[in-house]
Amino acid sequence: KNTDNGGADKLGHFYCTYALSHILGSSYERWGYSHERASFLGAISSFTLMGAMEAGDSFSDFGFSHEDFIMNALGGIAGYYLRVSPELARKIDLRVEYRPDFTEPDIFTDYERTRYLAAIKLDGFDVVENRYLKFLEIHFGYFTQGFSDNETNRSRNIYLGVGINISMLFKSSSLNRISKIASYVQIPYTSLNLKKDLN
């Protein structure tokens with residue numbers, strides 16, 4: 001609670017390394033590597049790139065952050081295992097949600113409007129047979145507020161929610177690219193959440 005961004009920036013490092021590992025993994029696979037090898041190379045490459053940025057920070061006013069380095073490593077590991085484990089990927093998505101201020105949009109460092117979450121997709125569980133329930137998912141997330149403005153109204157929030165599985169809505173349509181994006185990006189205001197302020 002006494003850090004600059006309440007830990008949201010650390011989840012940003014985790015998520016960026018995770019998502020980048022999948023982007024690079026897909027590229028390696030198109031270049032002829034096997035799925036598992038491409039996933040491994042994607043995770044290593046994303047960790048290396050994010051690590052290089054962290055090394056660059058060590059020569060700036062920001063300085064080297066062990067926490068950032070650790071979260072980069074965890075993001076790469078998560079990226080690898082979710083890419084090589086189809087059964088796990090059926091059940092879990094790791095996503096970011098951004099609710100922009102259109103006067104000053106900043107998707108990379110605007111932690112006031114960014115939420116990080118894990119979505120547990122009911123469609124991934126064979127025991128869920130009801131076709132309507134399959135469109136639902138359970139969200140576990142974290143976000144911070146008030147850290148950029150003042151120190152009196154700071155909040156670090158965890159939340160539990162129920163959302164709509166946007167990926168399923170577009171999976172078999174001509175807009176199936178949206179289905180893929182929705183595995184990584186949570187569309188704002190498509191879930192109902194209960195939050196608890198850790199402060």
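Seven bridges join strand β4, residues 155–164, to strand β5, and the two strands run antiparallel. One of the facing pairs between them is G163 in β4 with S191 in β5. The model described here is predicted.

## The sheet

The pairing of β4 with β5 belongs to an open sheet of five strands, in the order β1-β2-β3-β4-β5, with antiparallel pairing. Its edge strands are β1 (92–98) and β5 (191–197), each of which pairs on one side only. On average, neighbouring strands of the sheet are turned by 20° against each other, direction ignored. As background, the strands of a sheet pair through backbone hydrogen bonds, either parallel or antiparallel.

The table sets out the strand pairs with their bridges.

| Strand pair | Sense | Bridges |
|---|---|---|
| β1 and β2 | antiparallel | seven bridges |
| β2 and β3 | antiparallel | six bridges |
| β3 and β4 | antiparallel | ten bridges |
| β4 and β5 | antiparallel | seven bridges |

Single residues can be followed across the sheet. Y98 has T114 in β2 as its bridge partner. Further on, Y116 is bridged to Y142 in β3, and I120 stands opposite I138 in β3. I138 in turn has V162 in β4 as its bridge partner, so that I138 faces I120 and V162. Is strand β2 largely enclosed or open? Six of the eight residues of β2 are buried, so the strand is largely enclosed by the rest of the structure.

## Helix α1 and the nonpolar core

Helix α1, residues 8–30, lies across β1, β2 (114–121) and β3 (136–145). The helix runs at about 125° to β1.

Which residues have the most contacts inside the largest nonpolar core? They are F14, Y15, Y18, A78, L94 and Y116, in a core of 13 residues. Helix α1, helix α3 (66–84) and strand β1 each supply at least two residues of this core. The most comes from α1, which gives five residues. In soluble globular proteins, nonpolar side chains tend to be buried together.

L94 shows how parts of the chain meet here. Leaving aside neighbours within four places in sequence, L94 is in contact with F14, Y15, Y18, A78, L82, L117, A118, S183 and Y184. Among these contacts, F14, Y15, Y18 and A78 are also listed with L94 as residues with the most contacts inside the core.

## Aromatic rings

The model has nine aromatic pairs. A pair of aromatic rings is described by the distance of the centres and the angle of the planes.

In one of the pairs, the rings of Y18 and Y184 have their centres 6.1 Å apart. Their planes stand at 40°, which lies between the limits of 30 degrees for stacked and 60 for edge-to-face, so the pair is tilted. This pair links distant parts of the chain: Y18 is in helix α1, while Y184 is in the loop between α6 (176–181) and β5, 166 residues apart. Both rings belong to buried residues, with a relative accessible area of 3% for Y18 and 18% for Y184.

Y28 and Y33 form another pair, with ring centres 5.8 Å apart. Their planes are at 90°, so this pair is edge-to-face. Y28 is buried, with a relative accessible area of 18%, whereas Y33 counts as partly exposed at 40% relative accessibility.

Ring pairs also link Y15, Y18, Y116 and Y184 into a cluster. Of this cluster, Y15, Y18 and Y116 are named among the residues with the most contacts inside the largest nonpolar core, and Y184 is in contact with L94.

## A charge over two rings

Over which rings does R115 lie? R115 lies over the face of F143, at 3.9 Å from the ring centre. The charged end of R115 also sits over the ring of Y159, 5.4 Å from its centre.

## A loop residue

D149 is placed in the loop between β3 and β4. Is D149 buried or exposed? Its relative accessible area is 62%, and because the cut-off for exposed is over 50%, D149 counts as exposed. The C-alpha atoms of D149 and S46 are separated by 32 Å, and the two residues are 103 residues apart along the chain.

Terms used: Residues are numbered from 1 along each chain as its sequence is written. This is a predicted model: local features need pLDDT of at least 70, side-chain atom pairs count only at pLDDT 80 or more; totals for chains, interfaces and linings use all residues. Side-chain values use heavy atoms; hydrogens and water are left out. Two strands pair if DSSP finds at least two bridges between them. Helices (H or I, at least four residues) and strands (E, at least two) are DSSP runs, numbered from the N terminus. Axes are lines fitted to C-alpha atoms, for helices over the stretch in contact, and angles run from 0 to 180 degrees between N-to-C directions. Contact means heavy atoms within 4.5 Å. Rings of Phe, Tyr and Trp (its six-membered ring) pair if their centres lie within 6.5 Å; planes under 30 degrees apart count as stacked, over 60 as edge-to-face and the rest as tilted. Buried means under 20% relative accessible area, exposed over 50%, partly exposed in between (1.4 Å probe, protein chains only). A charge sits over a ring if NZ of Lys or CZ of Arg is within 6 Å of the ring centre and within 35 degrees of the ring normal. A nonpolar core is a set of buried Ala, Val, Leu, Ile, Met, Phe, Trp, Tyr and Cys residues joined through side-chain atoms within 4.5 Å.
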